[in-house]
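This report goes through the structure shown below, part by part. It begins with a single residue and then widens to chains, domains and contacts.

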Amino acid sequence: MAYERKFKIGKPILEVNNISLSFGGVKAITDTSFNVLEHEVRAIIGPNGAGKSSMLNCINGIYKPQQGTVSFRGQQIPNITPNIMAQMGLSRTFQNLALFKRMSVLDNILVGRKLHTKTNFLEVALQLPKVKKEEKLNRERSEEIISFLEIEDIKDTPVGKLPYGLQKKVELGRALATDSTIILLDEPMAGMNVEEKRDMCRFILKVNDELGTTMVLIEHDMGVVMDISDRVVVLDYGKVIGDGTPDEVRSNQKVIDAYLGVEH
Amino acid sequence: MKPVFMTYTKKDLINLAVCMFLSVLIIPTFITTEYWYTSILIPWLCLALATIGQQIVMGYTGQLALGAAGFMAAGAFAMFNLILRVPDLGFVGSLIVSGLIAAAFGILFGLPSLKVRGIYLMVATLASQFFIIWMIDKFGWFKNYDSSGIITAQDIVIMGKPFTTPLAMYFVCLAVTTVLTLLAMNMARGSTGRNWMAVRDMDIAAESMGVSLLRTKVQAFAISAFYCGVAGALFAFCYLKSLEPVAFDIKLSFKILFMCILGGLGTINGAFIGAAFILLFPVLLNAIGNNVFHGAIDATIISSIEQVIFGGLMIIFMIYEPLGMAKLWENLKVSLKSKLSSSGTKSLKSSAQKSE
């Protein structure tokens, strides 16, 4: 890439070491290792059922792998839960949308500010000045994100009523609101049309470029992945079969056989 | 940039002013019959308060809990014992501590919500209902070893002044309910309420945003039980004026559940609407029975009809308007507004623009 990056790609921030996960007798992931460098856009690709989402769920603590470890900033995390990872600065979106359906767009994004909310329920009930101050800051940040994602006109709509593409945007917004250093995106562009995909790519690159947020994304659309990511890891049947820059991956024979070969 | 922080809009403040005006000035001036205070307004306020408790745990946090009456009993008997044994606490102090004692039970019986959900949680929370009533019945200490089964509640004395007339008791209930309702609204509209609703709508995503499921659920159960406890104490001291465990049986829990659902899950004003409906509907049916049919219909049949209609309404609301009467009320206001403005101005377009 020719342009000068504001945030230079740095040291590994997230390391996945020898993860194995199985459900009963079915092996979802076998002995998989890869790393994510600070400030990079990292893609995980692979055919259906390759274990991509399971991988994210292991990193985020929703699944507990039978084997292997996850290290964050060089520090191994012994007992991963979604909550602990959120506190360490790792946020995510979900494949099948996990928004708070009956809440407005603004409220959804405000929930993302949870870790920047220090006041307790009693202080909230009494509306102490510090609650108002904090709420104001959180709302300002959320409004910033809303205008960044260009969804100002729907901010008071309950998310359940929004079309799919917009819901995906809101989910990205909620992840952004956490001000995390790393965001995992589980198929952020699934089910979108070309225009929406282009928009989403733009947002992902913009976030990465302006805030330096490390992005890990799962995507099916090969063209998109090759365009926006710095490095790609390819999974097939729960194993890593390729890892490197988009060009390296593209010319990897195993990858071509397993994945690109079956593309029409 | 636009102003972004406003928990309360001008409309809310007007609503509050209207409610306060009605309840503090209009009602005491125009309603003089004791019946209205002792049989309708006081229980309405008490049960609305308990329904807010049920709303917090069920409407906002999405935990199917059934056992509000158990927590009410805990609050009521705690109040009796506190006034009896720790008279220095005073009425208001006792009321708060009774709420806290109920909240402790809430935490205890809210713990299953971490493992089970839905209908199973409902069954698990039923334990609170039966356990608390059993405990009060079993250990005479709670009833001060009274053998008759029904204890008379002590008189309400605040700052040395007795509050014993129906009107005075109405004001006590009104004051407590108003304060607690405002606090509940602050929580529901603030970050606390957002955490509750996040857990309700998608718990795994909430957890990934750093919302602790354990803390949020237990907090909701505790606050809910606090509200029920205070409501129970008021219910016993201002409405029943006596204490007996039977008054807080499973039927009352169901009544509060109905108020919650009919009023509208996840709304605070729905608690008041639901409670008013469930309390006034039997009165209305009786009035119809007496005045239209001149007593030709037996009272037992009327109460059966009441059950049938409640059941039918529950089903209809669940299917057509899960957000309950509060939502109907909102819709009514919106349609009235648009009708008024369209009849007032000639062109519909300008009013549509205005309302936008």
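The model is predicted. B:G160 counts as exposed, because it has 6 C-beta neighbours inside 10 Å and the limit for exposed is 12 or fewer. B:G160 sits in the loop that links β2 (157–158) and β3 (161–162) of chain B. Its C-alpha atom is 9.2 Å from that of B:G90, although the two residues are 70 apart along the chain.

**Chain B as a whole**

Chain B contains 14 helices and 4 strands. Its radius of gyration is 22 Å, close to the 21 Å that the globule rule gives for 356 residues, so chain B is as compact as a globular protein of that length. Along the principal axes, the C-alpha trace of chain B spans about 75 × 60 × 45 Å. Of the 356 residues in chain B, 43% are buried. Among contacts in chain B with a separation of 6 or more, 77% are between residues 24 or more positions apart.

One helix of chain B can be set against the exposed glycine described above. Helix α7 (residues 191–201) of chain B has 11 of its 11 residues buried, so it is largely enclosed by the rest of the structure. The buried residues of α7(B) include charged side chains as well as nonpolar ones. Among them are B:R194, B:R200 and B:D201, along with B:W196, B:M197 and B:V199.

**The nonpolar core**

Which residues touch the most other members of the largest nonpolar core? They are B:C46, B:L49, B:M72, B:Y227 and B:L234, in a core of 169 residues. Helix α9 (residues 213–240) of chain B gives the most to this core, with 17 residues. Domain 1 (1–89 + 180–264) and domain 2 (105–178) of chain A both give residues to the core as well, so it lies between them.

B:L49 shows how these residues come together. Leaving out residues up to four places away in sequence, B:L49 touches B:T177, B:L180, B:Y227, B:V230, B:A231 and B:L234. Two of these partners, B:Y227 and B:L234, are also on the list of residues that touch the most other core members.

**Domains and contacts of chain A**

The domain assignment divides chain A into domain 1 (1–89 + 180–264) and domain 2 (105–178). Taken over C-alpha atoms, the centres of these two domains are 26 Å apart. Their contact takes 11 residues from domain 1 of chain A and 9 residues from domain 2 of chain A. On the domain 1 side, α2 (82–88) and α7 (194–211) of chain A are the elements that give two or more residues. The largest share of that side comes from α7(A), with 4 residues.

Chain A also touches chain B, through 36 residues of chain A and 25 residues of chain B. On the chain A side, at least two residues each come from α2, β6 (90–92), α3 (105–111), α4 (121–126) and α5 (129–148). The helix α5(A) gives the most, with 7 residues. Helix α2 of chain A thus appears on the side that touches domain 2 and on the side that touches chain B.

The table gives the make-up of the two sides by class.

| Side | Nonpolar | Polar | Charged |
|---|---|---|---|
| Domain 1 of chain A, touching domain 2 of chain A | 7 residues | 3 residues | 1 residue |
| Chain A, touching chain B | 15 residues | 9 residues | 12 residues |

**The sheet of chain A**

Chain A has an open sheet of 4 strands in the order β2-β1-β4-β5, with antiparallel pairing. Its edge strands are β2 (26–37) and β5 (75–76), each of which pairs on one side only.

Strand β1(A) pairs with β2(A) in the antiparallel sense over 8 bridges. Within this pairing, A:P12 has A:L37 of β2(A) as its bridge partner. The hairpin of β1(A) and β2(A) has 2 residues between the strands, and A:G24 in this hairpin takes a positive phi near 60°.

Strand β1 (residues 12–23) of chain A is also joined to β4 (residues 67–72) of chain A, by 5 bridges, and these two strands run antiparallel. Here A:E15 stands opposite A:S71 in β4(A).

Conventions
Residues numbered from 1 in each chain as written. Chains lettered and ligands numbered in written order. Predicted model: local features only at pLDDT ≥ 70, side-chain atom pairs only at ≥ 80, totals over all residues. Domains from an automatic or database assignment. Contact = placed C-beta atoms within 7 Å. Core = buried A, V, L, I, M, F, W, Y, C linked by C-beta atoms within 7 Å. Buried ≥ 20, exposed ≤ 12 C-beta atoms within 10 Å, placed from the backbone. Pairing = 2+ DSSP bridges. Rg over C-alpha atoms; globule rule 2.2 N^0.38 Å.
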